[in-house]
Amino acid sequence: MANKEQFLVKAEPYYQVQGQEVALYEAAYHARLPVMVKGPTGCGKSRFVEYMAWKLGRPLITVACNEDMTASDLVGRYLLDANGTRWLDGPLTTAARIGAICYLDEIVEARQDTTVVIHPLTDHRRTLPLDKKGELIEAHADFQLVISYNPGYQSLMKDLKQSTKQRFTAFDFDYPEATLEAQIVARETGIDQTVAAQLVKVAQTARNLKGHGLDEGVSTRLIVYAATLIGKGVTPRDACRMAMVRPITDDADIRATLDHAIDATFA
Amino acid sequence: MPTGIRPVTDARQRQMAHPQVQAWWQALDCGFAPVADVFEECLYEALSSFDKAQIEAYIGAARFIGKLGRGPEPLLAFLEEWPAVAMAASGDQEPLLPQVMGAIRAMQKSPNSAAITPFLQTLAAVARRLQSAEQIELYIDIALNLMARTSGSIHGHHTTFASPGLPAFFEQAPRLLGLLSTAGLRNWTEFGIRNHGSHPERQVEYFALKSADSRAVLQRERHGTLFADVERTLDLYLRALWRDSELLVPYSTAFDELRRPVPYYDKLGMRVPDVFDDAHGPRGAVSGLDRYRAVLAHMVGHRRWSTAQIADNWSPFQRMAVEFFEDCRIETLLIREYPGLRRIFLALHPQPRQDACDPETTSCLRHRLAMLSRALLDPAHGYTDPVLLAFVQRFHELLSAGESGTAEIAALALAYVTQTRRPSDQLATIHFDDTVIDYRDDNRQLWKFIEEGDEEEAFDAERKLEPGEALRGLPPRRYPEWDDASQTYRPDWVSVYEALHASGSAADIDRLLQKHAALAKHLKRLLDLLKPQDKVRIRHQEEGSDLDLDVAIGSLIDFKSGATPDPRINMSHRTDGRDISVLLLLDLSESLNEKVAGAGSATGQTVLELSQEAVSLLAWAIDCLGDPCAIAGFHSNTRHEVRYQHIKGFSERWDDVVKARLAAMSAGWSTRMGAALRHAGHYLEARRADKKILLLLTDGEPADVDVTEPGHLRADARKAVEELSARGVDTFCLSLDPKADDYVRSIFGKRHLVLDRVEQLPERLPLLYMALTR
């Protein structure tokens, strides 16, 4: 049995409540319903899950999903050692055994056949069959499955199967509204509130271009990066260019527009 | 002229008031009465800037011009304009006079002496634009070059015909130089000489700025930020900063000197000038792009915060004051949103001097309002008028609470008008200097009239179709053509008309396919072997490019636990699926109707029939492969009529409709390849495919009846191929011209194949396609 302590969230993560989400999550957790967190990149999905794990005092096991991930990367596999073979639990199995919250980040990045292994854990059965080992794990009473995904991907290939989607309750996340976002940036990085508000304003100009040459607007995470740079003594203009404009686009017209927005905002 | 037949009213006898002037008049030795009328006046003006030696030179030159035998006009023009020219060229006529006299002599010696008068008449205006002797010399060089190259000769050694375009050129010169630099003027003139050098009427139209291409080239050569270049940036600007989007419509600023159009917006879109020069004011420079942004921001402000007011009960003065106040209100709000806009607005906003206008003699209303407008926006305005300061204060109080509103601000404006009204506001002389704020729109959306006014409304009258002019087919699409000699594009040079190809009988094509059944069977085998392109992972391989970790560990476990391990522990990649779009472009020019020479001549087939067979086989083969494929044909009859005919679209099936069109294929006219390539390329470009192939089937080099320069269309076709490859379209040419080796390489580089035996075409074309996409 893995050490439960190492998965506990030690310090309280900073999370700014935006609405009912904390209470709703707690209700879902008490009923042990699987939860899906949707929203654009860098809007605070992972931070929310971390915060809830801390608040509920549950261990949190995070898996960053990717295309090459196989079912055995989640469930576990046999390894070799001096005495022959040894079974090693995968993160999902570990979570089910110790009663942790298992968080599958960016689940659509995993291939669809991989995702199917979570199905028995997410309905009334709450079991995980380990076919290679010939074992059927009953999930721990405290176990919960959380997945996140970003519906912004325009790719038809990256979507969840209906049979997967319909096993979850869901939260829709988005970038917080301007004043709240500025507060978050100020709190997270310790910069001045007015500068934070200006950063948010620049980010919003970029978000207005979503679908007009930008696939995704400037995330809260990038604003935080810019604010961090400013905290290190970089001028706001340079920080914005470096952290908020250059990463998101190679398009010269968009760059010119956003650079102008920066100049217009930081007069 | 001998003394004996001098007319009685000879102006030489005229007495001037001053003895010195009289002496100069004698020196001029001129008998024209109109010259005598203005001579004294001209001389006094010249005296204000010239010293005695310079006057002597001036009179000397005038004497020469007076004796050219062109009547009094050139002399009048010279006497009146020259002091102004010298003034503009920093007051010194020394370096300039010999240049100008040289030009006049050159014109006098050639048949172009009629151009001397317009040359002298516009010289002062030109000099004011150019401002330096070197620049004026350049201008004269350009004019003389134009003259030399457009004067005609009959037998080659005498120039006998005057240059048709030269007088028109001189008349347009001041306007041209207002829009172009001397380099731009040189390019514009070059274009006219090269393309209309041998056609007198068109040449005159070109140099008088009357023809469409003349205006188009002028537009291209203009200095400043062209709207066409920044349109997308501006669109993004509206969206990103203001969450607004609107159709942006440029209006021309080049041809309307008297009534300068002003930006405005209505339900059809935002109208902005087609070009903005960088502005260099006392408060810093503003780029052309930023001037556009200022115009758009101002209009967005009106759309956001202004509500239309009923104008009937207000006088024009009151309305003007309301407009100024409202403009300032929305600009204040705009600056509140983006503080960086203040710098741009202030740099563009004029700063009238407080004492620039005399209220006793002139109407100062505009001056007062412009000062007020400045003071409302600029905290450091420095004006001291107490009424102005009081209203600035009241304005800021209104706005400190929030956004205020149009009605509220109008009330303030009316109070201002009441308090500052002066009787002199009604005077006819109005002070305009420094009061025009050119980034503001005309505020037409700010007013609504209950009663119908007589204001001009039909700004964009819909163009009615002329009787008898019916719309047939699609409107033409215009493409530029590359001019290799000047390394520029000729703008909107070629018109491409697009239409569906006529239909024939589909059975003919089926019969053709039947005829080649054996070949089709052979092709079918080859098609089945064609490799797909997408990458797919194959696992469980004994040899491969990568170790498949899961399988490898499984095997090792088996091995350690004593079972027979599976040796297939590697994985590799193979390609699967094809993602190719192909457009087959057929040259349908007259030469296709020729009979096939050589071995195939026994059958008596024409090249067209062979092409038909080949294209049918290829279309069938591509259909088997499942690649999206389009087929089109083209031919041309001068640059005004390039016909592009659809035979098959990308999404059309290879069915009877398509076969019927293919069956009706016919040939005629010439081969203007570049335009057809560009048009076909724009369809391919819109496809989403990994590989886009433009396959051109042609039987000769590009040619058209209106092109005499050798190699011009060839260079244009090469340019078109380059453009396409820059945009991800691969062009491949299959030429049926056995002599094509000379030119086809220069157009298509290595991507070509010359087919020596035309009768092989039906077999080779599908094979070529397969080889290309393997």
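## Report on a two-chain predicted model

Chain B contains 27 helices and 20 strands. The structure is a predicted model, and the description below takes the two chains, their contact, the nonpolar cores and selected helices in turn.

### Composition of the chains

Chain A comprises 12 helices and 9 strands. The table sets out the values for each chain.

| Chain | Residues | Buried residues | Contacts between residues 24 or more positions apart, among contacts with a separation of 6 or more |
|---|---|---|---|
| Chain B | 774 residues | 37% | 71% |
| Chain A | 267 residues | 39% | 71% |

### Contact between the chains

The contact between the chains draws 25 residues from chain A and 21 residues from chain B. On the side of chain B that touches chain A, at least two residues come from each of helix 12 (227-242), helix 15 (341-348) and helix 21 (549-560) of chain B. The greatest contribution to that side is made by helix 12 of chain B, with 7 residues. Sorted by class, the side of chain B that touches chain A holds 10 nonpolar, 8 charged and 3 polar residues.

### Nonpolar cores

The largest nonpolar core consists of 69 residues, and the residues with the most contacts inside it are Leu583(B), Leu584(B), Leu585(B), Leu618(B), Leu694(B) and Leu695(B). Helix 22 (residues 607-625) of chain B gives the most to this core, supplying 10 residues. For Leu585(B), once neighbours within four places in sequence are left aside, the contacts are Ala632(B), Phe634(B), Ala676(B), Ala680(B), Leu694(B), Leu695(B) and Leu696(B). Apart from the largest core lies another, of 62 residues, with Ile262(A), Ala240(B), Leu341(B) and Ile344(B) among them.

### Helices 4 and 6 of chain B

Helix 4 (residues 72-88) of chain B packs against helix 6 (residues 116-130) of chain B at an angle of about 20°, and the axes are 8 Å apart. Helix 4 of chain B is therefore roughly parallel to helix 6 of chain B. The crossing of helix 4 of chain B and helix 6 of chain B is left-handed.

From helix 4 of chain B, the residues that take part are Glu73(B), Pro74(B), Ala77(B), Phe78(B), Glu81(B), Ala84(B), Val85(B) and Ala88(B). They meet Ile116(B), Thr117(B), Leu120(B), Gln121(B), Leu123(B), Ala124(B), Ala127(B) and Arg128(B) of helix 6 of chain B. By class, the contact of helix 4 of chain B with helix 6 of chain B has 11 nonpolar, 2 polar and 3 charged residues. An α-helix has 3.6 residues a turn, so residues three or four places apart point the same way.

### Surroundings of helix 10 of chain B

In helix 10 (residues 200-207) of chain B, the buried residues are Gln203(B), Glu205(B), Tyr206(B) and Phe207(B). The buried residues of this helix pack against helix 7 (133-150), helix 8 (166-179), helix 9 (182-196) and helix 11 (212-221) of chain B. Just after helix 10 of chain B, Leu209(B) adopts a positive phi of about 60°.

### Ala71 of chain A

Ala71(A) lies in helix 3 (residues 71-75) of chain A. Ala71(A) counts as buried because it has 21 C-beta neighbours inside 10 Å, where 20 or more are required. Leaving aside neighbours within four places in sequence, Ala71(A) is in contact with Thr114(A) and Val117(A). The C-alpha atoms of Ala71(A) and Ala110(A) are separated by 9.5 Å, although these residues are 39 residues apart along the chain.

Definitions and conventions:
Residues are numbered from 1 along each chain as its sequence is written. Chains are lettered from A and ligands numbered from 1 in the order in which they are written. This is a predicted model: local features need pLDDT of at least 70, side-chain atom pairs count only at pLDDT 80 or more; totals for chains, interfaces and linings use all residues. Two residues are in contact if their C-beta atoms, placed from the backbone, lie within 7 Å. Helices (H or I, at least four residues) and strands (E, at least two) are DSSP runs, numbered from the N terminus. Ala, Val, Leu, Ile, Met, Phe, Trp, Tyr, Cys and Pro count as nonpolar, Asp, Glu, Lys and Arg as charged, and the others, Gly among them, as polar. A nonpolar core is a set of buried Ala, Val, Leu, Ile, Met, Phe, Trp, Tyr and Cys residues joined through C-beta atoms within 7 Å. A residue is buried if 20 or more other C-beta atoms lie within 10 Å of its own, exposed if 12 or fewer, and partly exposed in between; C-beta atoms are placed from the backbone. Axes are lines fitted to C-alpha atoms, for helices over the stretch in contact, and angles run from 0 to 180 degrees between N-to-C directions. Angles under 35 degrees count as roughly parallel, over 145 as roughly antiparallel, 65 to 115 as roughly perpendicular and the rest as oblique. A crossing is left-handed if the near helix is turned anticlockwise from the far one by less than a right angle, and right-handed if clockwise.
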